[in-house]
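Have a look at the model below and give it a slow turn. We'll walk through it piece by piece.

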Amino acid sequence: MSESRVPSDSPENGPFQVQVAQRVTRLPPYLFGRINKMIYDKRVAGDDVIELGMGNPSDPPQEVVIEKLVEAARNPGNHRYSKSNGIANLRREVGAKYFKKYGVRLDPESEVITCLGSKEGFSHMCLALMGPGDTAIVPAPYFPVHVYAVALASGNVISLDVTDSDKFLSDIAYTCETLYPKPKLLILCYPHNPSSVVVEQSFFDEVVKLAKRYNLMVISDFAYADVAFDGYQPPSFLASEGAKEVGVEFTTMSKGYNMAGWRVGFCSGNAEMINALATIKGYYDYGMFQAIQISAIVALRETEAAVEEQSRVYQGRRDALCDGLVRMGWEDARPKAGMFVWQPVPEPWRSRMSTMDFAMMLLTKGNVAVSPGSGFGPAGEGFLRMSLVENEERLRQAVRQIKACLKDAEAEYAGKASVGAAG
Ligand SMILES: Cc1ncc(COP(=O)(O)O)c(C=O)c1O
C-alpha cells in the first residue's frame, strides 16, 4: 500500500486550532458573566439569592393563552415549518393593536414582520442595514445588544448620553453635522433600559425631523411599551408624523404578556427596512412555531386587561423597593415605566469602590444580586440596575439584606481604617 499523502498529526503540525472570526473575538468579555457564575455557585451551595439582576419576568402568561398553545400543538398541521415573516393573522393583530393603542395604520403585508423575540429581529435588522464603515448612534448607558448587534454587523458605534432628552437631541444633530461619513442609523429605546428615561410624543416628532434632515434611519426599541405606571402611557415612535418614512419599531410579548421564553417579537414601520430584514430572515430561519403564533394572536386579542394588571403588579413592586431604599436614605429613583429601578449608588460607597465591586459585595455578603451600572458601558458607572421581577415581600427582604450587609461592611471598613491609622 502506498504511503498516505495526508499530513500526519505529528507535533510539528501543532495542535488543531479553531480560528474564530474576528467579529466574535473582538467582542468584549461579558461583564455579567462573573455575577451569573457567582449566583449559580451560591445557589448550588444552598444560598437563597434574591435576584434583581436580569429583567426576566417571573409571572406566567394568561391561562387562555396556554390553553390555546396546547390545543394548537395538538393540531398536526401546526408542526411544519411556518412562514419566516409570520402568519398573516398574527401580523394583522399587531396592526390592529397599533391602530387601537396609538392610532397608527400599518399594512400587515409590508409593514409588519414577526421575529423570534425582538432581540433576534433587532440584531438581524442591524445586519441588514449596517456594514464596514457605517456608524450607528446609540443611547448611553446602553442595553448591550444595542451596541453589539451593530458591532457584529461590522459597524461602528457612537454612544450619546440619553439621560437629558433635549441634550440627546442636540448631540444627535451635532454628531450628524460633524461626523464624516455621517451616521447612518439612530437607535432609540423608550422607556429606556437601563436608565428608565421616558419621553413624550414631541420627542419623537423632533427625531423624525432630524432623521429626514440628515438621512438617518431610526430603530425604536419599544420593549417596555406595555409596562408603565401612575397613568403614564409610553408613546410609540410610529405615531409621529412621517416616522414610517424613516424607521421601524420593535415590540415584544416578553414583558407585558409574560411570554419571554416563547420568543415572540415584531418589527413594524418602514416597508423597505422590513423587506431587508425579511430577506436576511428568509436565509437564516423558518419562522416561529405556528402553535406559538396562534396563541400569540389570542394573547393580543383577549388579554389586554391582564397586561394592564401586570403593570399594576410592577408598580406595586417598584413602590415596595423604592420606599425601602428611600427609608435607608437612598435617592428616590422611582421609574415611570419599564421593569427596572436605575439607582444611584449612595455615598460614601460611590467614592469608595467601583459599581462592580459594590454589586459583588451585595451579592457575596447580602445574597442580593443586582446589575452593576458599568455593565451598560462607562456611562452606567455609579448606578445599579435593580429589576422588579421578585414579588413585593422578596423586594422588602432584599432591602433588609442590603441594609444589614452595608452595616457590616461599614463596621469592617471603620475597623480597617482604625488599624491603618494605628499602624
Ligand atoms: C431594551 C430591550 N430590548 C429588547 C429586549 C429583548 O426582548 P425580547 O425578549 O423580545 O427579545 C429586552 C429584554 O430584556 C430589552 O430590555
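What follows is a short tour of a sheet, some helices that lie across it, and a helix further along the chain.

Keep in mind that this is a predicted model. Let's begin with the sheet. Seven strands make it up, and it is open, with the order S2-S8-S7-S6-S5-S3-S4 and mixed pairing. At the edges you'll find S2 (112–115) and S4 (156–161), each of which pairs on one side only. If you look from strand to strand, neighbours are turned by 20 degrees against each other on average, ignoring direction.

Now zoom in on one pairing. In general, strands of a sheet pair through backbone hydrogen bonds, either parallel or antiparallel. Here S6 (residues 217–221) and S7 (residues 247–252) run parallel, with four bridges joining them. To find your bearings, pick Ile219: its bridge partner in S7 is Val248.

Next come the helices. H5 (residues 118–129) lies across S2, S5 (185–189), S6, S7 and S8 (265–269), and it runs at about 160 degrees to S7. H6 (residues 144–152) lies across S3 (135–140), S4 and S5, running at about 160 degrees to S4.

Last stop: H12. This helix covers residues 304–327, so count 24 residues, and from first C-alpha to last it reaches 35 Å, close to the 34 Å expected at 1.5 Å a residue. Which residues of H12 are buried? They are Gln310, Tyr314, Arg317, Arg318, Ala320, Leu321, Cys322 and Leu325. After H12 comes Gly329, which has a positive phi, near 95 degrees.

Methods:
Residues numbered from 1 in each chain as written. Predicted model: local features only at pLDDT ≥ 70, side-chain atom pairs only at ≥ 80, totals over all residues. Helix = DSSP H or I, 4+ residues; strand = E, 2+ residues; numbered from the N terminus. Buried ≥ 20, exposed ≤ 12 C-beta atoms within 10 Å, placed from the backbone. Pairing = 2+ DSSP bridges. Axes fitted to C-alpha atoms, helices over the stretch in contact; angles between N-to-C directions. Contact = placed C-beta atoms within 7 Å.
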